[in-house]
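Me: I have a structure to go through before I set anything up. Can you put it on screen and take my questions as they come?
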Amino acid sequence: MMKTLEYSARRMLDELVYVSLDFESRYVGKEVVGVLTYRLGKSMMSLSLSAATAVFGNFGLQELSMLSTGASLLWLKAAWNLSDLVPTRKEASDQYHQQHQ
């Protein structure tokens, strides 16, 4: 579980930091961003799991299953809500033609 959470948080932090940089900074700072977000992501996940253990006690298989199911449902809900913001092919085509007339 730690590796899964660590990887997802690290990738998210990588992208958040990396997107805000200009091209040259991305090229030069790629390794710095990678190391920084790796360490920060690992620390965040460790603190999160420690806090969850302190609040809820030790996690058994049933608790981990419920936690995973809840996280999956939240993820599905977020993805569903975001999908409403994506235009259909026809809407995108209409917008493109309006902008390029």
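Reply: First a definition: helices (H or I, at least four residues) and strands (E, at least two) are DSSP runs, numbered from the N terminus. By that assignment T37 lies in helix α2. Residues are numbered from 1 along each chain as its sequence is written. This is a predicted model, where local features need pLDDT of at least 70, side-chain atom pairs count only at pLDDT 80 or more, and totals for chains, interfaces and linings use all residues, while side-chain values use heavy atoms, with hydrogens and water left out.

Me: How many helices and strands does the protein have?
Reply: There are 4 helices and 0 strands. Along the sequence the pattern reads α-α-α-α.

Me: What does the pLDDT average for the protein?
Reply: pLDDT is the predictor's confidence in each residue, from 0 to 100. The protein averages 79, and 85% of the residues score at least 70.

Me: Which element has the lowest mean, and which the highest?
Reply: α1 has the lowest mean pLDDT, at 66, and α4 the highest, at 88. Where pLDDT is low, the predicted coordinates should not be read in detail.

Me: Back to T37. Buried or exposed?
Reply: T37 counts as buried, at 1% relative accessibility. The cut-offs are under 20% relative accessible area for buried, over 50% for exposed, and partly exposed in between (1.4 Å probe, protein chains only).

Me: Which residues in α2 are buried?
Reply: G29, V33, T37, G41, M45 and A52. Across the 101 residues of the protein, 10% count as buried.

Me: Where is the kink in α2 centred?
Reply: On G29; the kink is about 65°, and the helix covers residues 23-56. The bend at a residue is the angle between axes fitted to the seven residues ending there and the seven starting there. After α2 comes G57, with a positive phi near 85°.

Me: How far apart are M12 and T37 in space?
Reply: 8.8 Å, C-alpha to C-alpha, with their positions 25 residues apart in sequence. M12 is in helix α1, residues 2-19, and M12 is partly exposed at 45% relative accessible area. T37 and L16 are 9.6 Å apart by C-alpha, and 21 residues apart in sequence.

Me: What share of the contacts is long-range, say 24 or more positions apart?
Reply: 58% of the contacts with a separation of 6 or more. Contact means heavy atoms within 4.5 Å.

Me: New topic. How many salt bridges?
Reply: The count is 1, taking a side-chain nitrogen of Lys or Arg within 4 Å of a carboxyl oxygen of Asp or Glu. D94 and K90 form the salt bridge, at 3.4 Å from N to O.

Me: Where do D94 and K90 sit relative to each other?
Reply: They are 4 residues apart in helix α4 (residues 89-99), so about one helical turn separates them. D94 is partly exposed at 34%, whereas K90 is exposed at 59%.
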